[in-house]
Amino acid sequence: MRVKVLMGNTAVAEAVRMAGVEVISAYPITPQTIIVERIAEMVERGELKARYVRVESEHSALAVVYGASASGARVFTATSSHGLLYMYEMLWWVANSRLPVVMAVVTRAIGPPWNIHSDHQDALTVRDAGWIIGFASSVEEAFDMTLQAYRVGEDRRVLLPVMVALDGFTLSHTCEPVRLPEESEVRGWLPPREPLPFKLEPGSYFAVGNLGPDEVTMELRWYIWRAMERAKHVIREVSADYARRFDRSVHGLIEGFRVEDAKYLVVLAGAWSGDAMEAVDMLRDEGYPVGLVRLRYVRPFPVEELRELASSVRAVLVVDRAVSMGHMGVIAGDLVSAVRGKVTVKNVIAGLGGVDVSPDDFKTMIKGFIEEYESGALDSWFYTEWYMPWVRRG
Amino acid sequence: MSVPWLASRRTRGVLPGNPACSGCPHNIGLKVLGRVLGDKAVLVVPAGCTSIIAGYWPRGGLEFPLLHVPFASAPAVASGVRAALDLGGRGDAIVVVWSGDGGAADIGFATLSGAATRNEDILVIVSDNEAYMNTGVQASGTTMWKALTTTSPIIGKTEERKDIALIMLMHKVPYVATASIGYPSDLAEKIRRASEVKGFKLIHLHSPCPPGWRFDSDKTVLVAKLAVETGAWILWEYDRGNFRISPPSTPYRDKSRRKPLTEYIKLQGRLAHLTEEDVREIERRIDENWNLILELEKYYTSHVKA
């Protein structure tokens with residue numbers, strides 16, 4: 001184990017190298033681009049024995065790795081924002097084909113107006129396709145999650161594509177120390193991809209994706225449903241094994257922070273969790289009994305973990321960086337259905353378009369939430385508010 | 001590659017009783033492909049008629065290993081299959097995209113252009129029935145001027161068709177040819193030659209469609225042949241620097257040897273509304289096209305070979 005200072009993007013590229021990925025294809029988009037630039041360099045230098053396919057669009061990037069994955073190769077692609085939306089059709093094709101494609105999504109707002117900064121709308125907009133979706137909150141975790149993505153996705157109990165989301169700039173372009181395991185150890189932990197049960201080779205006459213009875217479509221979706229349920233267990237198992245092997249403290253579907261005796265819970269995902277944790281520390285010093293849950297995975301959704309934690313608190317505050325227009329924040333919507341009305345939930349939408357949210361902002365939000373709850377102002381069982389301190393309300 | 005040779009092949013490509021329409025030109029093309037490359041090919045098929053022709057699960061209508069893929073993705077998927085087969089020691093496999101005009105010339109055009117630009121070692125066969133037939137005969141980028149379709153139902157298509165083979169030739173790829181399901185030996189020969197070329201290959205296959213063009217289903221081959229005999233469809237081949245007009249089209253360099261265009265037009269319901277003036281205009285465009293192809297042949301013969 002050696003410590004190296006890396007940006008989020010180069011850490012992901014390093015994980016791809018150590019995973020022995022065989023086919024990479026991508027189309028440049030800020031803030032993802034550095035990942036694939038670095039990988040292209042590794043391939044041209046011979047540090048990674050792989051084929052790098054320079055395509056003309058994100059749709060084709062995912063199509064290339066789909067074809068390679070369907071033919072047995074270990075693959076990788078990366079994108080952001082509009083690139084991810086341009087892939088949308090292929091996302092479903094990959095998931096329904098049960099191929100363990102791994103993709104880094106460097107999160108970025110969706111235009112117009114043009115905006116290259118991070119919110120979570122891109123990754124959360126595609127949550128229903130059948131991809132496992134993880135959110136990293138540090139550069140080291142982006143590295144770890146990328147490696148784990150191959151073990152999880154390729155596991156026979158799962159066989160699903162995995163998306164590793166990392167916040168644009170906050171993680172992708174920020175340098176942090178990463179404890180890099182030895183490559184030989186990684187190779188031992190992550191063996192080459194198992195051969196497919198079928199071979200797309202001359203002389204083997206079969207078709208993938210034929211028209212069929214409607215019941216087949218429904219059954220295949222049901223298999224994905226069950227694989228997602230199993231994926232919860234596999235993610236817990238694989239990440240715990242990785243943590244033991246490579247000396248990491250965080251694993252599982254969520255990370256709890258000062259939750260033990262908490263009466264109020266803050267729930268969120270992604271890089272800004274660190275700022276929210278600072279706010280929680282400050283509020284604890286002031287005597288507020290508040291804890292925090294960071295979602296490491298939003299698909300599969302950690303229903304069991306959240307239900308258990310929510311059952312022992314008075315109220316939950318979900319801070320969302322993506323919104324489902326006409327309803328509420330994306331994660332809040334999922335959480336509300338998971339806790340089934342057993343606890344009061346307040347939802348704050350913040351940080352859209354990359355608007356900076358500081359520990360002090362979090363402190364204001366959390367304090368306001370606790371005060372509202374205690375004064376009885378949170379009268380309905382869920383409630384959504386937009387945090388925009390620069391807007392003067394009349 | 002004679003017709004008896006094709007008939008004697010063990011691999012068939014198309015299995016009896018598949019769900020193609022009667023008189024379907026794709027079946028003819030797929031039969032030739034299967035007989036030439038059946039034991040070497042992996043097929044990638046985007047949305048289109050062949051998505052249906054390939055059959056209903058758990059059965060299959062085609063004798064190929066086959067990957068069904070989204071409409072605009074086929075040449076990119078084929079690039080990925082190619083990369084993985086090469087890594088897995090199956091460099092001998094021929095990765096074939098079997099696409100319609102929509103998948104290649106329209107919705108999937110950027111993907112096709114990208115794969116050609118990368119000179120991917122794949123063979124793309126564009127089986128062009130000159131409209132979106134699988135969705136019920138809507139006008140496509142290759143539908144001919146004036147043809148009636150369900151989205152050009154009364155006046156006919158108001159725009160000229162694009163020439164996908166020439167567009168792909170300008171991508172500086174090693175092999176591009178046109179072919180016709182009316183000339184299976186010529187098609188077989190082109191598929192074989194293309195399969196021996198390393199890099200990007202494209203065959204633009206003319207595939208007259210009985211329900212789409214509104215002619216009787218026993219006349220597919222007749223209509224295809226008339227397209228060539230009237231000069232409306234020109235068979236040519238570009239192979240690594242050599243550009244030549246193919247034998248079935250050779251006599252029709254001489255305009256006087258071409259059959260009257262009306263013989264081709266009168267069989268087709270989609271062209272039944274044409275005026276004499278329209279026919280003269282189409283004839284003029286055909287002559288223009290011949291001039292271009294003859295000039296290209298001259299250019300490649302005098303400049304590129306030397």
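The exercises below work through the predicted model shown above, each with a solution in steps.

Residues are numbered from 1 along each chain as its sequence is written, with chains lettered from A and ligands numbered from 1 in the order in which they are written. In this predicted model, local features need pLDDT of at least 70 and side-chain atom pairs count only at pLDDT 80 or more, while totals for chains, interfaces and linings use all residues.

**Exercise 1. The nonpolar cores**

Task: Find the residues with the most contacts inside the largest nonpolar core, and state where this core lies with respect to the domains of chain A.

Solution:
- Step 1. A residue is buried if 20 or more other C-beta atoms lie within 10 Å of its own, exposed if 12 or fewer, and partly exposed in between, with C-beta atoms placed from the backbone.
- Step 2. A nonpolar core is a set of buried Ala, Val, Leu, Ile, Met, Phe, Trp, Tyr and Cys residues joined through C-beta atoms within 7 Å.
- Step 3. The largest such core holds 225 residues, and A:Y66, A:V266, B:V44, B:V81 and B:V96 have the most contacts inside it.
- Step 4. Domain 1 (2-246) and domain 2 (254-386) of chain A both contribute residues, so this core lies between them. The domain bounds come from an automatic or database domain assignment.
- Step 5. A second, separate core has 5 residues, including B:M144, B:A147, B:L271 and B:L274.
- Step 6. Two residues are in contact if their C-beta atoms, placed from the backbone, lie within 7 Å. Leaving aside neighbours within four places in sequence, B:V44 touches B:L67, B:V69, B:A74, B:V77, B:A78, B:V81, B:V95 and B:V97.

**Exercise 2. A sheet with strands from both chains**

Task: Give the strand order of the open sheet of 9 strands and identify its edge strands.

Solution:
- Step 1. Helices (H or I, at least four residues) and strands (E, at least two) are DSSP runs, numbered from the N terminus. Two strands pair if DSSP finds at least two bridges between them.
- Step 2. The order is 9(A)-2(B)-1(B)-3(B)-4(B)-6(B)-5(B)-7(B)-8(B), and the pairing is mixed.
- Step 3. Strand 9 (207-208) of chain A and strand 8 (242-245) of chain B are the edges, each pairing on one side only.
- Step 4. Strand 9 of chain A runs parallel to strand 2 (residues 66-69) of chain B and is joined to it by 2 bridges. A:V208 has B:L67 as its bridge partner there.

**Exercise 3. The contact between the chains**

Task: Describe the side of chain B that touches chain A by its elements and residue classes.

Solution:
- Step 1. Chain B gives 39 residues to the contact and chain A gives 37 residues.
- Step 2. On the chain B side, strand 1 (41-46), helix 3 (49-53), strand 2, helix 4 (74-87) and helix 6 (109-117) each supply at least two residues.
- Step 3. Helix 4 of chain B has the largest share, 10 residues.
- Step 4. Ala, Val, Leu, Ile, Met, Phe, Trp, Tyr, Cys and Pro count as nonpolar, Asp, Glu, Lys and Arg as charged, and the others, Gly among them, as polar. The chain B side then divides into 23 nonpolar, 11 polar and 5 charged residues.

**Exercise 4. The two domains of chain A**

Task: Describe how domain 1 of chain A meets domain 2 of chain A.

Solution:
- Step 1. The domain centres, taken over C-alpha atoms, are 28 Å apart.
- Step 2. In the contact, 23 residues of domain 1 meet 19 residues of domain 2.
- Step 3. Helix 6 (121-125), strand 6 (132-135) and helix 9 (214-246) of chain A each supply at least two residues of the domain 1 side. Helix 9 gives the largest share, 5 residues.
- Step 4. The domain 1 side has 10 nonpolar, 8 polar and 5 charged residues.

**Exercise 5. Helix 10 of chain B**

Task: Decide whether helix 10 of chain B is largely enclosed or open, and list what its buried residues pack against.

Solution:
- Step 1. The buried residues are B:T220, B:V223, B:A224, B:K225, B:L226, B:V228 and B:E229.
- Step 2. These are 7 of the 10 residues of helix 10 (residues 220-229), so the helix is largely enclosed by the rest of the structure.
- Step 3. They pack against helix 2 (25-37), strand 5 (175-180), strand 6 (201-206), helix 9 (210-213) and helix 11 (261-265) of chain B.
- Step 4. Just after the helix, B:G231 has a positive phi of about 85°.
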